[in-house]
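Visitor: I'm new to this one. Can you walk me through some side-chain contacts?
Guide: Sure, take a look first.

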Amino acid sequence: MAKDVKPTRKNLMEIEDRIELSERGHGTLEKKRDGLIMEFMDILDKAQDVRGDLADDYEQAQKKINMARAMEGDVAVRGAAAALQEHPEITTESKNIMGVVVPQIESSRVSKSLDERGYGIMGTSARIDEAAEAYEDLLESIILAAEVETAMKKMLREIETTKRRVNALEFKLLPELYENQEYIEQKLEEQEREETFRLKKIKEKKEAEEKAEREAADADDEVGSADEPAAAAGAVTQD
């Protein structure tokens, strides 16, 4: 690539500006990458806790519903489930984590009191109440897990994108710019040496010409001085 760049001072200044800008961008992206990784690790720890809670809540809900079916029968359990009138409402908002927009899921009316579940208190047993409460806890864990898992995936994608940009600057763009800079500097130094050598030769030639002119002038002066006595003697003889 360096051979395609014209070795001029203008191009050298432009490349130096690009190097400065790329180095600043590289440093900024590195800080962003490191910050994203730290945030991701925090979310990952939270996700592991949420997954554990989700597994526990699911196991507990299965035990409670199986117990209710065994004690009350499928018909009673299904009837209690069908009596629910108000279903949970899910709303999503967003929050920004180091430039990454992640969802924030809010839910309402998941956990309900006995009189809000729709079935008659006298017509059901504590087994059904326990099963309903266990599934409410499970639903809350599912909503939280969905939020955390989505945020974790978005953060991971952003980390990968940032890492690719850092690597592109570090291993491709900056090395090429450094190579171009070195190439132009070498060519300019060669041009300066050639120009210095050319000026030296011109100076030496000029000095040689001036010396030859001085020597020729001196020679003319010597000839003139030798001719003056001869001319004087001739004048005396004529007299």
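Visitor: Is R51 buried, exposed or partly exposed, and what is its relative accessible area?
Guide: R51 is partly exposed, at 41%. Keep in mind that this is a predicted model.

Visitor: Which residue forms a salt bridge with R51?
Guide: E149 does. Their closest N and O atoms are 2.6 Å apart.

Visitor: Where do those two lie?
Guide: R51 is in helix 1, residues 9-72, and E149 is in helix 3, residues 126-238. They are 98 residues apart in sequence, so the pair ties those parts together.

Visitor: What about E130, which side chain does that one meet?
Guide: K64, in a salt bridge of 3.5 Å from N to O. This pair also links distant parts of the chain, with K64 in helix 1 and E130 in helix 3. The two are 66 residues apart.

Visitor: Are E130 and K64 buried or exposed?
Guide: In between. E130 counts as partly exposed at 31% relative accessibility. K64 counts as partly exposed too, at 24%. Buried would mean under 20%.

Visitor: New topic. How far apart in helix 3 are K201 and E204?
Guide: They are 3 residues apart, which means about one helical turn separates them. Their side chains meet in a salt bridge, 3.9 Å from N to O.

Visitor: And how accessible are they?
Guide: K201 is partly exposed, with a relative accessible area of 44%. E204 is partly exposed as well, at 36%.

Visitor: How many salt bridges does the structure hold?
Guide: It holds 12.

Definitions and conventions
Residues numbered from 1 in each chain as written. Predicted model: local features only at pLDDT ≥ 70, side-chain atom pairs only at ≥ 80, totals over all residues. Heavy atoms only, no water. Salt bridge = Lys/Arg side-chain N within 4 Å of Asp/Glu carboxyl O. Helix = DSSP H or I, 4+ residues; strand = E, 2+ residues; numbered from the N terminus. Buried < 20%, exposed > 50% of the residue type's maximum accessible area, 1.4 Å probe, protein only.
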